[in-house]
Amino acid sequence: MAETKRPREPFAPWDRRALPGLFDVEETAKRVGHYKWVELKLFEALGGWVATVPELDVKLRLGTHCYHHAWHAELFDKRLPELREMKTDRLTVAANDHMVAFIDAMTEPEGPDMTIEKLVGVYRVLIPHKIAAYTYHRNGTSEITDMPTVRILDFILQDEFNDWREGEMLIQSMIESDEEIDRAMVHQTKLEKLMLAAGGIAGPGSIGDPYIDLPEEN
Amino acid sequence: MRKIFPAEELARDARFIRQTNEQRLGDPRGARVAGGNSGDRLAKLTPELANGPDRARALMHGIFVGEIQALEGAGRTCWDFEVGEDVPLALKLDMARQCWDEARHCEISVSLAEHMGTELGEFAENGLLYEAACNPDPVLRLTGVNRALEGLAIDVFNTMKEFGNLAGDPVLEFCEDWMLADEVTHVKMGSDWLRRLTENDKERLDKALEFQKIVDRLFSFNGFRGEDDDSPIQLTRRFRELAGFSDDEIDEIADMSRDARVEAAS
Amino acid sequence: MTQVSVAPESFEMVFYDAAVIGEVVAEVAERLGLEETIKLEIDEGSPLGRSKVTSYDPIELWVDGGALENTKRPRQFGTARTKDTVGRLLLRILDRRSGRFDDTPADDDLDLMQFAAWDVHCVGRLERLGIGGQRQRRLYQFRNRHGFTDLADSAFEKLWESSELSWTEIERISEGCRIS
């Protein structure tokens, strides 16, 4: 007969989750609001671009990915009230004006001959920066107090990695000349500079700060 | 990227040839419809017809390009309107979901085209469906697309599903059944949003329903979609009810089709 | 030398040119080794794709305008479609004249399965001659008449790949699917 009264630790030996995290409730809500804004802008753009790209496979991928990011926006939207933000629109904002400028520049290409630019903006710039910020948040927040956000980010990151891979492969399949490489790089550079100015999708500190401040020498 | 993207600029590769509405309606032989021609009294689409398989092929290609345009239309609704100012976030989320569904329908249609021996772009494309998706009022756009056109899609998919069943074609029947399930969901989305967005705005509701009728009429060439036994495309009462259509609304569409048939015959 | 007469000589509802149609029909006939007069009557008012042999000797054909149409560009003439339509009709004529099809029922008495089986045999040969093709389209039509089964697909292969089947053999292959 099993011994039902024998005490066990509340955390199993292999469960090393720690209580402290990098973000308090307020900071988490702020970041989640920025994430939601970015997801919103991304799914809107992907939806809008569907009609403008002549390549059938790209058209269908954009339509599919459009929903992925809408779902991410919905998940973040549902998380905000749980973080004491009942007026979710209040925090659904860009991290700063540079981020607005980035989205404006990313969504600018429209012509049917600009599929490379459209894809580069999303899959070589924005999504890698999202993956970075979400990973930083996922690894830095408390896996106990903020587990709902961790769970959301885990689902989202799975989508992001898959979408990034598909998008990158579409780009590679579309680039057939030196001139097209140049086009891709020029657009990427332009957008990377805007993203640098923004400090990442959630503003400065999107992926933390790896540098150490040295004390002044005597 | 602009708001409201014109139908004539829809991006396609070299395989696809667009037929303008003027060309289509100016065809003295009658406009092409349901894999046949509205100038003739088309028989109900069944495999027993000598040209049944070829009509099904042509109709399937029409469905395919319709799915592309439905994808483009839903995508544009995600882009053209601002959350809060124009539409609630939930409406856009529904449209994004519809994008994914329509993208899958395109994939299914491409596979079915291959199954039926149709090359992509083998038949001319008409942009009428997307044009209905350009209405600047989101309520009218959703009503025209999700209730009128997706409603028609319910009827078409059910007819094609029956065609597959009668022909003993398990691939066609299976695919159409899945697409039909999605279309009922899309029509229900349209019905729900129409109700929610016009709850306190009778004038807008009336305008939206009038626009729906206009779109329904545009796609009722000679009443090819109806409840008569010999209607080429059968009006599907059961699924329309599931999608939020009232009996009166379904009766109205049936009457519209019957009138169009009588008018065409006279 | 093949002589082709096309009626009508000019078209009101479609943008066809009788001379061009005559050239395409003559080209197909010559590829098939037919050097005689061919009369082709077109119902330009019908966009459907029906076609038939109205007389085997002399050769007289009747088609819907749609059977010669470029489906990508409605009302425009389609060379490939015309070759496919006319090629099938002319091969049927050659088959009936070959002695291998003496016991074939009259066209009006053929059922949809028989027509589908004969069409497959015709189009398979046309494809090898570089005229027409659309193998998957023909397979789909054949499956609609003979079933979506491995047996039907195997029958299709035989009909498509064979070069000189007799009517008895075509019927036997078609019947084989019917029994299943």
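Trainee: Among contacts in chain B between residues at least 6 apart in sequence, what share joins residues at least 24 apart, and what makes two residues a contact?

Mentor: The share is 74%, where two residues are in contact if their C-beta atoms, placed from the backbone, lie within 7 Å. This is a predicted model, in which local features need pLDDT of at least 70 and side-chain atom pairs count only at pLDDT 80 or more, whereas totals for chains, interfaces and linings use all residues. Residues are numbered from 1 along each chain as its sequence is written, while chains are lettered from A and ligands numbered from 1 in the order in which they are written.

Trainee: Why is chain B called as compact as a globular protein of its length?

Mentor: The radius of gyration of chain B is 18 Å and the globule rule gives 18 Å for 266 residues, so the two values are close and the description follows; the radius is taken over C-alpha atoms, and the rule is 2.2 Å times the number of residues to the power 0.38. The C-alpha trace of chain B spans about 55 × 40 × 35 Å along its principal axes, and its secondary structure comes to 9 helices and 6 strands, these being DSSP runs numbered from the N terminus (helices H or I, at least four residues; strands E, at least two).

Trainee: What percentage of chain B is buried, and what makes a residue buried?

Mentor: Buried residues make up 56% of the 266 residues in chain B, the condition being 20 or more other C-beta atoms within 10 Å of the residue's own, with 12 or fewer for exposed and partly exposed in between, and with C-beta atoms placed from the backbone. In helix 6 of chain A, the buried residues include A:Thr149, A:Ile152, A:Glu160 and A:Ile171, and what covers the buried residues of that helix includes helix 1, helix 2, helix 5 and helix 7 of chain A.

Trainee: Why does the end-to-end distance of helix 6 of chain A agree with its length?

Mentor: At 1.5 Å a residue, its 28 residues (147–174) should span 40 Å, and the end C-alpha atoms are 40 Å apart, so the values agree; the expected span is 1.5 Å times one less than the number of residues.

Trainee: Which elements of chain B give two or more residues to the side that touches chain A?

Mentor: The contact takes 28 residues from chain B and 27 residues from chain A. Helix 2 and helix 3 of chain B are those elements, and helix 3 gives the most, with 12 residues.

Trainee: What makes strand 1 and strand 3 of chain C edge strands?

Mentor: Chain C has an open sheet of 4 strands in the order 1-2-4-3, with mixed pairing, and strand 1 (3–7) and strand 3 (51–55) each pair on one side only, where pairing requires that DSSP find at least two bridges between the strands.

Trainee: How do you know that the pairing is mixed?

Mentor: Strand 1 and strand 2 of chain C are joined by 5 bridges and run parallel, and strand 2 and strand 4 of chain C, joined by 6 bridges, also run parallel. Strand 3 and strand 4 of chain C, by contrast, share 4 bridges and run antiparallel, forming a hairpin with 3 residues between them.
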